[in-house]
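Here's a friendly walk through a protein chain, one neighbourhood at a time. Keep the view open and follow along.

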Amino acid sequence: MHMNQRRRLVGAVLAVLVLGSCSFGSSDVAPQADSSTRPPATPTPSSGGTEPTPGDSDNSHEADADEIRTRTLTAIDPRYHATWPDIPGADPLNQALTEAVKAQVVDFVADLPEAAPDAAAAVPELNIGWHLIAESDTVVGVRLTSYLFAGAGGAERSRTWWFDRSTSELVDNSALSADPDKFARALAWTVRAPGVDRDLVRDSVADGLSDVSFTDSGALEVRFDEYAVAPGSSGVVTVRLSADLTTRLLTDFGGAARAAASVSPVDAEDDELVTPAPPQGDSATHGPDDSPSVEPNNPESGPESGESEHPGQSGPDAGPNPGSDREVDCSRLKCVALTFDDGPVADTERLLRKLRHLDAPATFFVLGQQAAVYPETLAKVARAGHEIGVHTWDHKQLTSLGGRDIRDEIVSSVREVRKATGVRPTLLRPPYGATGPRIDAITARLGLAQVLWNVDTRDWAVKSVNPIVREVRRSARRNSIVLMHDIHRTSVDAVPQVVRTLRNRGYTLVTVSQLLGDTTPGHRYYSGN
Ligand code: NI
């Protein structure tokens with residue numbers, strides 16, 4: 001009962017959907033005055049108190065409507081990071097996903113204990129990621145996976161969403177089968193897990209299954225969250241029906257869903273691109289958007305500036321390196337490294353154009369799951385001469401994970417970057433800056449140095465150009481590493497002023513590797529020497 005009330009309350013102040021390319025003006029969100037006290041948790045509402053709608057991430061001049069975009073809702077304090085897709089032609093699905101994510105974030109924030117987080121310790125955290133589990137002309141399937149770390153242990157929940165393109169309607173998980181009774185019996189008969197309660201399995205079909213998908217071989221798979229049908233010690237319970245049995249159970253839509261699942265383009269891509277070809281130049285694809293419309297003299301450049309942010313429209317971002325292969329001697333020069341986390345997103349392309357016009361190198365700490373969605377954008381980042389490090393697969397707080405999960409988070413993102421760019425990253429930025437002895441040891445074994453920062457622009461909180469520029473002006477020193485995020489439009493907007501401010505003060509912009517020189521795997525670097 002209170003849950004709904006609380007949800008409404010918190011929802012009223014749940015600020016801003018940080019879209020991969022969000023359309024909020026730079027003045028929409030008031031800066032938080034004090035970065036160290038709570039609760040900065042819930043950003044203030046966007047102008048007019050209107051909540052963003054699923055369509056609002058795109059600029060009106062968007063050219064390629066066929067592309068999945070990603071949306072992000074993120075904060076460092078409290079620690080949450082949610083990413084989900086915006087799929088063309090599937091607005092009801094997009095809306096349902098958005099609502100589901102927001103509800104979880106609101107609940108998470110509402111349930112937080114009152115304790116000041118310590119950057120080094122594992123604190124409560126919510127992480128939401130997604131997978132495209134099926135896609136065809138008629139069907140879309142998406143899985144949202146939520147990882148909640150409450151301070152002691154982590155728990156994962158998952159839910160699948162099915163969408164019928166022909167009717168433009170969501171289809172309930174249980175409704176993939178024609179005969180719920182038969183479906184329930186088949187599940188109860190097939191399930192194998194210690195201590196499983198078959199009655200609960202049967203009931204769950206009537207109550208609504210949360211996760212139904214298909215394997216490559218056409219078997220229907222149901223996942224039950226921890227504790228749903230068996231003791232917690234059994235973990236997530238997965239029931240897989242045989243392909244034959246599946247065939248006999250499915251509705252027409254269920255059959256279309258299974259067909260769509262087996263040709264999931266994401267999976268196909270994964271298999272093909274183990275060793276990437278070196279990226280090709282894309283100078284032949286320059287479009288009308290190439291004109292150097294990017295100031296550098298318009299400090300107010302905002303969402304209304306009309307710049308395209310679409311990855312398909314390659315701007316002049318693929319030219320000569322802006323710096324990473326240049327000789328720079330940071331023992332003689334006043335060097336500063338700009339870093340951008342959490343991408344790539346569609347708007348990363350706009351950032352690349354700005355950096356190109358400014359002739360400024362940067363370092364990108366990217367998420368594996370974002371690299372998987374925007375491999376071409378990431379390849380452009382590499383081609384433009386910027387440095388790429390990893391920021392884990394999906395932005396989980398590494399200090400909350402076991403050794404194997406830590407390793408998986410890192411290795412999968414390294415693989416994805418390598419796949420997209422042909423280059424193996426050697427730098428890791430731990431999400432939230434949360435690291436510790438175990439992470440030191442694992443990154444040492446994996447050959448990655450840890451790159452933290454000593455200038456935090458707090459761009460994720462202020463979402464406004466001027467405070468970002470001010471913070472850089474105030475805090476940057478020789479050999480500083482500056483933390484920014486290219487998932488926020490206002491951060492990208494701020495880049496020309498940030499760069500000019502630093503240069504006016506005699507700083508030379510460099511990549512992190514130029515700043516640090518040879519790095520030692522496992523070590524933590526907060527700045528250059
Ligand atoms: Ni991050």
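Strands β2 and β3 form a hairpin, with 3 residues between them. This is a predicted model, so take each feature below as part of a prediction. β2 covers residues 69–75, and 7 bridges join it to β3 in an antiparallel run. If you want one rung of that ladder to look at, try T72, whose bridge partner in β3 is T83.

The loop between β2 and β3 is also where you'll find P78. The peptide bond leading into P78 from D77 is cis, with omega near 0 degrees. That's worth a pause, as most peptide bonds are trans.

Now, is β3 open to the outside or enclosed? All the counting points one way: 8 of the 8 residues of β3 (residues 79–86) are buried, so the strand is largely enclosed by the rest of the structure. β3 also pairs with β4 (residues 125–135), this time in the parallel sense, over 4 bridges. There, A82 has I128 in β4 as its bridge partner.

Next stop, the metal. Which residues hold the nickel ion? D342 coordinates it through OD, while H391 and H395 each use NE2, at 2.1 Å. Along the sequence, these donors follow the spacing D-x48-H-x3-H. Here is how the three of them sit in terms of accessibility.

| Donor residue | Relative accessible area | Class |
|---|---|---|
| D342 | 2% | buried |
| H391 | 2% | buried |
| H395 | 4% | buried |

With a cut-off of under 20% for "buried", H395 counts as buried because its value is 4%.

D342 has another quirk: a positive phi of about 85 degrees, although it is not a glycine. Most residues other than glycine have a negative phi. D342 is found in the loop between β11 and α8, and P344 has its place in that loop too, between β11 (335–341) and α8 (348–358). A cis peptide bond joins G343 and P344, with omega at about -5 degrees.

A positive phi turns up at R458 as well, at about 50 degrees, and R458 is not a glycine either. You'll find R458 in the loop between β16 and α13. R458 is buried, with a relative accessible area of 14%.

Those two elements come up again with helix α14, residues 465–475. The buried residues of α14 are V465, P467, I468, V469, E471, V472 and S475. They pack against β16 (455–456), α13 (459–462), β17 (480–485) and α15 (489–504). N466 lies in α14 too, but N466 is partly exposed, with a relative accessible area of 41%. N466 and Q497 are 31 residues apart in sequence and 8.8 Å apart in space, from C-alpha to C-alpha.

Another pair of helices to look at is α10 (residues 375–383) and α11 (residues 403–421). Their axes come within 8 Å and cross at roughly 75 degrees. The two helices are therefore roughly perpendicular to each other. On the α10 side, P375, L378, A379 and A382 make the contact, meeting V417, A420 and T421 in α11. By class, that contact has 6 nonpolar residues, 1 polar and no charged ones.

Then there's a small sheet to trace. How many strands does the open sheet with β8, β9 and β10 have, and in what order? There are 3, ordered β8-β9-β10, with antiparallel pairing. β8 (212–214) and β10 (237–240) stand at the edges, each with a single partner strand, so one side of each is left without a neighbour in the sheet. From one strand to the next, the twist averages 25 degrees.

β9 (residues 220–224) and β10 pair over 4 bridges in the antiparallel sense, and E221 has R240 in β10 as its bridge partner. In a regular strand the side chains alternate between the two faces of the sheet. For β10, V237 and V239 make up a covered face, while T238 and R240 are on an uncovered one.

Finally, zoom out to the whole chain. Its secondary structure comes to 16 helices and 19 strands. Of its 529 residues, 56% count as buried. Among contacts between residues at least 6 apart in sequence, 73% join residues at least 24 apart.

Note on methods: Residues are numbered from 1 along each chain as its sequence is written. This is a predicted model: local features need pLDDT of at least 70, side-chain atom pairs count only at pLDDT 80 or more; totals for chains, interfaces and linings use all residues. Side-chain values use heavy atoms; hydrogens and water are left out. Donors are N, O and S atoms within 2.8 Å of the metal (3.2 Å for Na, K and Ca); water is not among the atoms, so sites may look incomplete. Buried means under 20% relative accessible area, exposed over 50%, partly exposed in between (1.4 Å probe, protein chains only). Two strands pair if DSSP finds at least two bridges between them. Axes are lines fitted to C-alpha atoms, for helices over the stretch in contact, and angles run from 0 to 180 degrees between N-to-C directions. Angles under 35 degrees count as roughly parallel, over 145 as roughly antiparallel, 65 to 115 as roughly perpendicular and the rest as oblique. Contact means heavy atoms within 4.5 Å. Ala, Val, Leu, Ile, Met, Phe, Trp, Tyr, Cys and Pro count as nonpolar, Asp, Glu, Lys and Arg as charged, and the others, Gly among them, as polar.
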